[in-house]
Amino acid sequence: MTQRPLLIAVILLGLAGPVAAQQRAVAVTFDDLPYQASDADLCDPVRAMALTEDFVAMLRPLDTRAAVFVNEGKVCEARRAVLLPALLDVWLDAGLDLGNHTASHINIHRNTVEAYLADVDAGAPVSRAVLEARGRALRFFRHPYLFTGETPEKKAAIAAGLAERGYTVAPVTIDNNDWMFAAVYRQAEAAGDEALKARIGEAYVTHMTTVLDHFEPYSAELTGGREPAQVLLLHAHTLNRDWYPRVHALYLERGYRFVRLDEALADPIYDHADDYVRANGVSWLHRWTFSEGPPIRWEPEPPQWIVDAYEALN
């Protein structure tokens with residue numbers, strides 16, 4: 001689909017909306033860098049760079065101030081030393097921040113704490129080097145799958161290991177299953193089905209609206225009626241390349257200003273206790289709600305036809 005009308009609409013909306021009226025705040029984050037794409041794409045320098053540059057070109061005029069989280073092992077070892085720094089520099093040149101998402105997107109539930117922390121370490125060298133070349137540090141860590149440990153012992157050991165390494169954990173408050181829509185979108189893309197791509201994209205934007213309808217009042221219950229600064233979880237894939245501008249416009253329409261991750265994390269809500277220990281990954285709003293005692297109210301699921309299409313792929 002054509003990006004220009006979407007970008008123009010977002011930019012005009014941003015100009016039309018008075019900044020003073022924007023009381024809400026959101027930090028946008030993108031996981032699974034360099035990209036949710038095939039191994040072949042990520043080891044082909046031309047294809048990998050084109051995917052990266054197209055995505056960043058979409059983001060650049062929107063001033064998202066996003067943080068992006070890297071799986072360094074996604075790029076094949078033979079290309080990693082040269083290709084990965086070049087790809088990450090594209091993101092940094094656009095004013096975005098980098099965080100560690102482990103080397104391999106490891107699943108803590110299937111591994112020991114020692115293996116998990118080794119994968120954290122393996123996910124840092126290139127990201128740290130490109131940041132240090134600009135006088136910056138690798139600060140943030142995002143748990144793959146939002147899994148923090150399925151036992152109290154594992155969770156505590158991982159938290160201690162991350163703290164020893166100097167990481168600030170990047171929680172998520174607005175989770176939304178964008179990866180499910182993206183997988184179905186990639187199939188439509190491969191088939192050259194533009195009508196289906198448009199249907200999936202429209203369903204995605206509608207779903208993101210219902211997700212906000214849920215999380216805005218839900219988050220306010222933890223703060224005495226004040227909506228806290230949110231952290232939005234998204235992923236780097238072709239669905240967001242084509243449709244994130246519509247999501248961005250949705251947030252502008254609802255009075256959000258886009259802030260950097262460290263500014264969002266300064267909100268007092270991020271000091272809440274997290275006593276949630278389960279073998280699944282959930283929004284920190286659910287974790288804090290669980291810790292304080294009320295029942296969790298789960299966010300809306302994607303439409304059934306998306307769920308069915310996704311399950312047919314797996």
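**Exercises on a predicted model**

Leu138 is buried, with a relative accessible area of 9%. The model used in these exercises is predicted.

**Exercise 1.** Explain why Leu138 counts as buried, then place Leu138 in the chain and list what it touches.

*Solution.* Step 1: the cut-off for buried is under 20% relative accessible area. Leu138 has 9%, so it is buried. Step 2: Leu138 lies in the loop between α6 (125–132) and β4 (140–141). Step 3: leaving out residues up to four places away in sequence, Leu138 touches Leu98, Gly99, Asn100, Ala124, Ser127, Arg128, Leu131 and Tyr167. Step 4: Leu98 is 40 residues from Leu138 along the chain, and their C-alpha atoms are separated by 6.9 Å.

**Exercise 2.** Check the span of helix α3 (residues 45–59) against the expected value.

*Solution.* Step 1: the expected span is 1.5 Å times one less than the number of residues. Step 2: α3 has 15 residues, so it should span 21 Å. Step 3: the end C-alpha atoms of α3 are 21 Å apart, which agrees. Step 4: at the start of α3, a side-chain oxygen of Asp44 comes to within 3.0 Å of the backbone nitrogen of Val46. Step 5: the buried residues of α3 include Ala48, Leu51, Phe55 and Leu59.

**Exercise 3.** Describe how helix α5 (residues 113–122) and helix α7 (residues 152–164) cross.

*Solution.* Step 1: the axes of α5 and α7 come within 10 Å and cross at roughly 30°. Step 2: angles under 35 degrees count as roughly parallel, so α5 is roughly parallel to α7. Step 3: the crossing is right-handed. Step 4: Val113, Tyr116, Leu117 and Val120 of α5 make the contact with Lys154, Ala157, Ile158, Gly161 and Leu162 of α7.

Key
Residues are numbered from 1 along each chain as its sequence is written. This is a predicted model: local features need pLDDT of at least 70, side-chain atom pairs count only at pLDDT 80 or more; totals for chains, interfaces and linings use all residues. Side-chain values use heavy atoms; hydrogens and water are left out. Helices (H or I, at least four residues) and strands (E, at least two) are DSSP runs, numbered from the N terminus. Buried means under 20% relative accessible area, exposed over 50%, partly exposed in between (1.4 Å probe, protein chains only). A polar contact is a pair of N or O atoms within 3.5 Å; within protein, one must be able to donate a hydrogen and the other to accept it, and residues adjacent in sequence count only if both atoms are side-chain atoms. Axes are lines fitted to C-alpha atoms, for helices over the stretch in contact, and angles run from 0 to 180 degrees between N-to-C directions. Angles under 35 degrees count as roughly parallel, over 145 as roughly antiparallel, 65 to 115 as roughly perpendicular and the rest as oblique. A crossing is left-handed if the near helix is turned anticlockwise from the far one by less than a right angle, and right-handed if clockwise. Contact means heavy atoms within 4.5 Å.
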